[in-house]
Amino acid sequence: MTWNEEQNSKDKEIQEHLIAQGNLPKHIAVIMDGNGRWALARQFARISGHKEGIESVRDIVKASSQLGIKYLTLYAFSIENWNRPLNEVGGLMKLLEHYLRQELDELHKNNVRLFTIGKVSSLPKVVKKLLHEAMERTANNTGLTLTLALSYSGRWDIVRAVQIISLDVRRGKISPEDINDELFSSYLQTRDLPDPDILIRSSGEMRLSNFLLWEIAYGEIFISQKLWPEFRRDELYEALYNYTSRERRFGRTSSQLASGETPDRKDSYFKRVVDALKNS
Ligand code: IPE
Ligand code: IPE
Ligand code: MG
């Protein structure tokens with residue numbers, strides 16, 4: 001059975017109501033936080049919090065796919081997380097391996113395309129191999145694009161992009177005047193993903209922890225008090241209802257938006273400044 005076939009009618013009704021709001025996000029990004037606290041509160045080892053967190057991943061992936069969301073990006077492991085105790089890092093890598101082995105068939109059957117961002121070279125060999133196989137197998141799927149941020153950090157990706165841009169300038173492939181928002185974005189690992197419309201963080205923490213620093217520029221932020229292992233589809237629905245009621249102004253005024261007025265500048269501010277300097 002596919003995810004759409006197994007859905008119960010009450011859940012379908014809620015989703016239809018949400019979809020009827022008309023402006024669901026295209027891209028949802030999630031900082032999955034609070035696994036350790038969930039375990040600690042039960043006097044379990046931290047790893048059991050991560051295990052339970054995988055159940056939340058399953059439910060959120062499924063619900064997003066059923067809702068017709070195009071992109072879901074999950075922060076699963078940061079570069080800074082390598083500094084955690086060895087046994088926790090090892091346990092997380094094992095869980096990741098297990099998840100990839102166990103879920104691939106179901107993801108594929110449900111038309112999910114798997115993608116990853118981060119410093120993949122630091123991951124264990126077996127995980128790298130599984131990721132590669134999963135991405136290859138699901139490459140032509142047209143449903144949800146599920147991106148796992150693994151050994152990822154926003155600054156790392158930005159610095160990496162700057163290095164490659166510098167090399168391309170040195171080779172004469174681009175000139176410094178060519179550098180604008182769009183070109184810069186095309187050097188990031190997220191180049192094929194639209195910017196997230198909403199960033200959800202669980203467990204009440206109000207920080208980005210080095211996630212998608214460039215891409216989140218105009219993303220709406222939703223903080224849930226629930227710890228990640230308790231964050232299931234109802235919490236996602238709450239975040240999405242909240243999102244659909246917001247006004248995204250992108251620096252403009254409410255009345256401009258209401259009148260449907262379009263911006264009169266065609267070029268980015270940066271390009272106009274560069275052009276002005278060039279001509280002076
Ligand atoms: C998030 O949960 C999962 C990862 C960072 C891998 P945490 O492990 O950070 O849980 P808390 O924040 O300690 O509760
Ligand atoms: C952010 O959570 C990273 C992931 C969810 C993978 P952390 O728990 O590592 O973040 P901090 O240390 O509390 O900022
Ligand atoms: Mg945490």
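Start by selecting ligand 1 and α3 (35-41): α3 gives the most to the shell around this ligand, with three residues. Helices here are DSSP runs of H or I at least four residues long, strands are runs of E of at least two, and both are numbered from the N terminus. This is a predicted model, where local features need pLDDT of at least 70 and side-chain atom pairs count only at 80 or more, while totals for chains, interfaces and linings use all residues. Residues are numbered from 1 along each chain as its sequence is written, chains are lettered from A and ligands numbered from 1 in the order written, and side-chain values use heavy atoms, without hydrogens and water.

**Stop 1: around ligand 1**

Now show the whole shell, meaning residues with a heavy atom within 4 Å of the ligand. You should find 13 residues, and the closest are Asp33, Gly36, Arg37, Arg46 and Arg84. Sort them by class and you get three nonpolar, five polar (Gly counts here) and five charged (Asp, Glu, Lys or Arg) residues.

Next, look for polar contacts, which are pairs of N or O atoms within 3.5 Å. Click on Asp33: a polar atom in its side chain sits 2.8 Å from an oxygen atom of ligand 1. The backbone joins in too, with a polar atom of Arg37 at 2.7 Å from a ligand oxygen and one of Asn35 at 3.1 Å. How much of ligand 1 does the protein cover? The answer is 87% of the 380 Å² of accessible area that the ligand has on its own, worked out by the Shrake-Rupley method with a 1.4 Å probe.

**Stop 2: over to ligand 2**

Keep Asp33 selected and add ligand 2. An N or O atom in the Asp33 side chain is 3.2 Å from an oxygen atom of this ligand. Add Asn81, whose side chain has an N or O atom 2.9 Å from a ligand 2 oxygen, and then Arg207, with a polar side-chain atom at 2.8 Å. Here the protein covers 77% of the ligand's own 390 Å².

**Stop 3: strand β2**

Which strand gives the largest share of the shell around ligand 2? Select β2 (residues 71-78), which supplies four residues. Seven of the eight residues in β2 are buried, that is, under 20% relative accessible area with a 1.4 Å probe and protein chains only.

Finish with the partners of β2; strands pair if DSSP finds at least two bridges between them. Strand β1 (residues 27-31) runs parallel to β2, joined by five bridges, and Val30 is partnered with Leu74. Strand β4 (residues 145-152) is also parallel to β2, with seven bridges, and there Leu72 has Leu146 as its partner.

Notes: A polar contact is a pair of N or O atoms within 3.5 Å; within protein, one must be able to donate a hydrogen and the other to accept it, and residues adjacent in sequence count only if both atoms are side-chain atoms. Buried means under 20% relative accessible area, exposed over 50%, partly exposed in between (1.4 Å probe, protein chains only).
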